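The following exercises concern empty space, helix packing and backbone geometry in a single protein model. Each task is followed by a solution in steps.

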Amino acid sequence: MTASPDIIIHNGTLITFDPEQSAATALAITGGTITAVGTDAEITEQAADGTKVIDARGGTVMPGFIDSHVHLFGGSFELSCLNLYGVSGLSEMTKRIRPYAEENPDADLVFCVMADYGILGTGKTPTRHDLDRIVDDRPLAMFSPDHHTVWANTAALEAAGLINGGEVDAGSEIRMGEDGKANGELLEPGAYGPILEMTRHKGREMLGLVTGRDPEPVPTPQEREMDKDVIEAGLRHCAEKGITGLHLMDGNVFQLELLSELEAEGRLHCRTMVPFHFKGTDDIARIAAEGVPMRDRFQGDKVWCGHMKMFIDGVVESGTALMLQPYPGDMGKDGNMGDEVFTQDHFVAATKEADRLGFQIAVHAIGDAGVRRTIDAYQAAREANGKRDSRHRIEHLEVMHPDDIPRLAALDIVASIQPGHAPMGHIFPPGAVGQYLHPHQIAGAYAWQDIRDSGARVVFSTDWPVIQVDVMDTLRAAMAPLDLGPDWREQTQSLHDTLSSYTQANAWVEFNEDRKGQLKVGMMADVVVLSEDLAKVDPIDLPRVQAMTTICDGKVSFQRA
C-alpha cells in the first residue's frame, strides 16, 4: 500500500526546472522525497488525516535555495555583533559603538562588523587613534564587510600582542605608523587572527578561514555547546530566507563534528558542504595526510566534505587583489599589484595534487592576475592528471581580463559569483570599486552575462557574512543592477538564469543534480514557498518577497506566522 503524503503544497506557481513538467500547481512529499507533482486536483486527492496541507496562495513554489558560498560559523556569530552597515563619520560611529560597549561590559573585545572602508567619510581608512577616540579603555575592533581587514584600537592591539608589529603569512600585513607602532589596520587573516581570538568564541568562529586547523586547546564541552547553539541560530536564519543548502568556504574537522552533532540532535536546518582549507604556507603533503581522511570521514546527505578551498589573493578595496598591472593612484604606490598569498609554483603544485586526489577545488580569486593564475593552475592540473568531471570553481572573479573569459568554458571551470558584491548591486557604494580600476579593466569587471554567454557554468551566492544571506537582495542585484554609465557593460540577468544559478546549478556544482535542484518525483524534498509569484514582481521590488515555508529533507525548517 502506498503511504499517504506527509506534506502537500497546492495553489502554487511551481518553478520545477523539470523540462518534462514545467507547468504544475501542486506537489506531494513523503518521507523526505517528492512523490508527486501536478495539478491541485491530482495532488490534493492524495491527502490523508495526517497530511500537512500548505496553501501557497499563488506564490512561487520552487526548489530550496542553495547558497554556494558562505561562512556559516562566522556569519552565525556576527548576527549578535554590532552591525555598522550604512554608518558614516566618527560622530555616528561613537553614537552606535559606545552604548553597545556599555551593554556588553564583560566582553573581552567590543566587536563590530560591516564597517565600510570609507566609514570615516574622510577618504582615509580608520587608524587605532580614530578608534581610541570612541573607546580607549578596553579592546575595540571592527571587521570590514569583505572580512579581509580588521581595524583595532590601541587596547586591542596591545592585548593581541600586535602593537609592535610582528611576522605574518604571505599576503597579510600589519600596517605600521610613522611612530613605529601598528596603526590599527590589519590586512588578511594572518594579521588579524590574534584579534579574533578575543571574541567570546575565542576565534573558533573564523578558525576554518584563518588556518583551516582545529582549535587548540581542545574546546570544553560547554564551549562546544555554545558553538553549536550559535551555529543552529545561523541555520535557522538561513532557513528563514528559503535556504535549504549551504556550501561553506571555510572549514575544519571541528566544524564538521559540530554540524554532525546538530544533525544527530535534529537541529540541522540546512544541508551543509564543508571544505578542507589549504593555506599558502601549508606543505603539499597535508592534502593527502589530512584532507583526504577528512573528506572520506564525512560523506552524509546533510553534512559532507566535498571540496578544497584556497585563496590566491585579497580584495580590490584594500589593494590586495592580484592585478596584471599596478593599481591606479595612491593604491598603486611603489608598483603595488596586490599581495601574493601563494607563490605560483606552490599554488600549481597544490592544485595538481588536490586534483590528482579527486578533490573539487574552489579558489578565491578577485583580481585579473589572480583569476588568470587560477585558470593557469587548473589547466596545469588537467594536463598533468587528465581531463575529468572535476567541476573546479573560481570564487568571485570580480575583475577578469576579457581574454580569459573564454578559457572558463574551455576548461570546464565554474564561475561562482556574488552579484550583491558588485558596485551595481545596491548593497555597497556604487563608486567604490571603480576608482581602484584602470578604465580598460572595467570591460571585464563583474562580467556576469559575458561569462554566461561564453558557455561557462555560473552559480550564485552571497559570501555571507560579507553581505547578508538574504536571497532576494541577491536576486535584485542580478536582475536589476544599477546603471553605472557607458563604461560598464550591460550584465542584467534573466529571472530563469538567476533562479537556476541559485538552485539547480548549485545542486549540479555539488554533484547532486540527480537528487536535488528540481521539483520532480524522486528528488530530495528541499522546497521553498514564497509570498508572491516572482514572475509578476518588478525585479527592483524583489526584497519585499519573503519565504513563507521552507522544507528541508521533507521537514518544515521554517514557517512564517
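**Exercise 1. Locate Pro-217 in the chain and describe the peptide bond that precedes it.**

Solution. Step 1: Pro-217 is placed in the loop between α7 and α8 (221-240). The model is a predicted one. Step 2: the bond joining Glu-216 to Pro-217 is cis, with omega about 0°. Step 3: Glu-216 is also among the residues that lie nearest the centre of the second largest pocket, to which Exercise 5 returns.

**Exercise 2. Identify the cis peptide bond at Pro-465 and the loop that holds this proline.**

Solution. Step 1: the partner of Pro-465 in the cis bond is Trp-464, and omega is about 10°. Step 2: the loop in question runs between β20 (458-460) and α15 (471-479).

**Exercise 3. State what sets the phi of Met-114 apart, and find its place in the chain.**

Solution. Step 1: most residues other than glycine have a negative phi, and most peptide bonds are trans. Step 2: Met-114 is not a glycine, yet has a positive phi of about 60°. Step 3: Met-114 lies in the loop between β9 (110-113) and α4 (128-132).

**Exercise 4. Describe the largest pocket by its volume, its lining and the domains that supply the lining.**

Solution. Step 1: the space in the largest pocket comes to about 1100 Å³. Step 2: its lining consists of 39 residues, and those closest to the centre are Thr-125, Glu-317, Ser-318, Met-331 and Tyr-436. Step 3: sorted by class, the lining of the largest pocket holds 14 nonpolar, 14 polar and eleven charged residues. Step 4: domain 2 (74-211) and domain 3 (214-510) each supply at least three residues to this lining.

**Exercise 5. Repeat the analysis for the second largest pocket, and determine which element gives the most to its lining.**

Solution. Step 1: about 490 Å³ of space is found in the second largest pocket. Step 2: of the 29 lining residues, Glu-197, Lys-202, Gly-203, Leu-207 and Glu-216 lie nearest the centre. Step 3: the elements that give two or more residues to this lining are α6 (189-196) and α7 (207-210). Step 4: α6 gives the most, with five residues. Step 5: the classes in the lining of the second largest pocket are 13 nonpolar, seven polar and nine charged. Step 6: at least three lining residues come from each of domain 2 (74-211) and domain 3 (214-510).

**Exercise 6. Describe the largest cavity and deduce where it lies relative to the domains.**

Solution. Step 1: rolling a probe the size of a water molecule over the atoms shows where empty space is left. Step 2: a search of the whole structure yields five cavities of 30 Å³ or more. Step 3: the largest cavity has a volume of about 180 Å³. Step 4: 16 residues line the largest cavity, with Ala-170, Pro-189, Lys-279, Phe-311 and Val-341 nearest its centre. Step 5: this lining comprises six nonpolar, six polar and four charged residues. Step 6: domain 2 (74-211) and domain 3 (214-510) both contribute to the lining, so the largest cavity lies between them.

**Exercise 7. Carry out the same deduction for the second largest cavity.**

Solution. Step 1: the volume of the second largest cavity is about 130 Å³. Step 2: its 15 lining residues include His-71, Asp-146, His-148, Leu-209 and Phe-311, which lie nearest its centre. Step 3: by class, the lining of the second largest cavity has six nonpolar, six polar and three charged residues. Step 4: because domain 2 (74-211) and domain 3 (214-510) both give residues to the lining, the second largest cavity lies between them.

**Exercise 8. Classify the packing of α11 and α12.**

Solution. Step 1: two packed helices are described by the angle between their axes and the distance between the axes. Step 2: the axes of α11 (residues 344-356) and α12 (residues 368-385) come within 9 Å, crossing at roughly 45°. Step 3: α11 and α12 are therefore oblique to each other. Step 4: the crossing of α11 past α12 is right-handed.

Technical notes. Residues numbered from 1 in each chain as written. Predicted model: local features only at pLDDT ≥ 70, side-chain atom pairs only at ≥ 80, totals over all residues. Heavy atoms only, no water. 1 Å grid on protein atoms, 1.4 Å probe; cavity = no way out; pocket = protein on both sides within 12 Å on 5 of 7 lines; lining within 4 Å. Points joined across faces, edges and corners; volume = space filled by probe spheres on them. Nonpolar A, V, L, I, M, F, W, Y, C, P; charged D, E, K, R; others polar. Domains from an automatic or database assignment. Axes fitted to C-alpha atoms, helices over the stretch in contact; angles between N-to-C directions. Helix = DSSP H or I, 4+ residues; strand = E, 2+ residues; numbered from the N terminus. Parallel < 35°, antiparallel > 145°, perpendicular 65-115°, else oblique. Left-handed = near helix turned anticlockwise from the far one by under 90°.
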